[in-house]
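Got your viewer open and a selection tool ready? Let's take a short walk and stop wherever there is something to look at.

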Amino acid sequence: MTLYSFFKEAHSGFRYIVIVMVLLAIVRAFMGWLGKRPYGEGNRKLNLFAMISVHTQFLLGIILFFISPMVQFSKETMKNPISRYWTVEHWVMMIIAIALITIGHSKSKKAALPEAKHKAVAVFYLIGLILISVAIMLIPK
């Protein structure tokens, strides 16, 4: 197993943990927001672990970016849809998604009311998850 294949498999497999964690955080946030439930320690920890999983995936992606043969910097990169996707599009969409999730977590920490905490997580994490899903679906086959 090469270094590239190890990180590719780790990055590919860890995405399921990220999706489950973010999805759980979104569901609990919507239940808390719409059900007017208190924002407890369980909510805070789930939201934090979801954000940590996204950041861990990002670190794996950074390593993969620098060792991947799919990432190319040449005159032909933007003309080839596969190399363009891996060199430019994938990481840009993922960074935006990670930023949205991080903003949602930060806003939930700063909000005073439980509904505002739940709403920040529900909205920002959902938009981030949608962007992650779109980026995964756009992977060239």
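Start by selecting Leu 3, Phe 58, Leu 59, Ile 62, Ile 63, Phe 66, Ile 67, Trp 91, Val 92, Ile 95 and Ile 96 and showing them as a surface: together they make a nonpolar patch with about 960 Å² of accessible area. Keep in mind that this is a predicted model. Now colour the patch by element. Two or more of its residues come from each of helix H2 (41-67) and helix H3 (81-110). Which element gives the largest share of the patch? That would be H2, with six residues.

Next, click on Leu 3, one of the patch residues. Leu 3 belongs to helix H1, which covers residues 3-34. Is Leu 3 buried or exposed? Its relative accessibility is 53%, and the cut-off for exposed is over 50%, so Leu 3 counts as exposed.

Go back to the patch and pick Trp 91, another of its members. Trp 91 has a relative accessible area of 38%, so this residue is partly exposed.

Time for some rings. The structure has six aromatic pairs, and we'll visit a couple of them. Select Phe 65 and Phe 73: their rings meet edge-to-face, with 6.1 Å from centre to centre and 70° between the planes. Phe 73 counts as exposed because its relative accessibility is 68%. Keep Phe 65 selected and add Trp 91; this pair is edge-to-face too, at 6.2 Å centre to centre and 70° between the planes. Which parts of the chain does this pair link? Phe 65 sits in helix H2 and Trp 91 in helix H3, 26 residues apart, so the pair ties together distant parts of the chain. Add Phe 66 to your selection as well: ring pairs join Phe 65, Phe 66, Phe 73 and Trp 91 into a cluster.

Now move to the loop between H1 and H2, where you'll find Lys 36. Check its backbone angles: phi is near 50°, a positive value in a residue that isn't glycine. Most residues other than glycine have a negative phi. Lys 36 also counts as exposed, because its relative accessibility is 61%.

For the last stop, select Tyr 39 and Lys 117 together. What sits over the ring of Tyr 39? Look for the charged end of Lys 117, which is 5.4 Å from the centre of that ring.

Key: Residues numbered from 1 in each chain as written. Predicted model: local features only at pLDDT ≥ 70, side-chain atom pairs only at ≥ 80, totals over all residues. Heavy atoms only, no water. Patch = residues over 30% accessible without salt bridge, like charges linked within 9 Å, V, L, I, M, F, W, Y side chains within 5 Å. Areas by Shrake-Rupley, 256 points an atom, 1.4 Å probe, with all protein chains shown as cover. Salt bridge = Lys/Arg side-chain N within 4 Å of Asp/Glu carboxyl O. Helix = DSSP H or I, 4+ residues; strand = E, 2+ residues; numbered from the N terminus. Buried < 20%, exposed > 50% of the residue type's maximum accessible area, 1.4 Å probe, protein only. Phe/Tyr/Trp six-rings, centres within 6.5 Å; stacked < 30°, edge-to-face > 60°. Lys NZ or Arg CZ within 6 Å of the ring centre and 35° of its normal.
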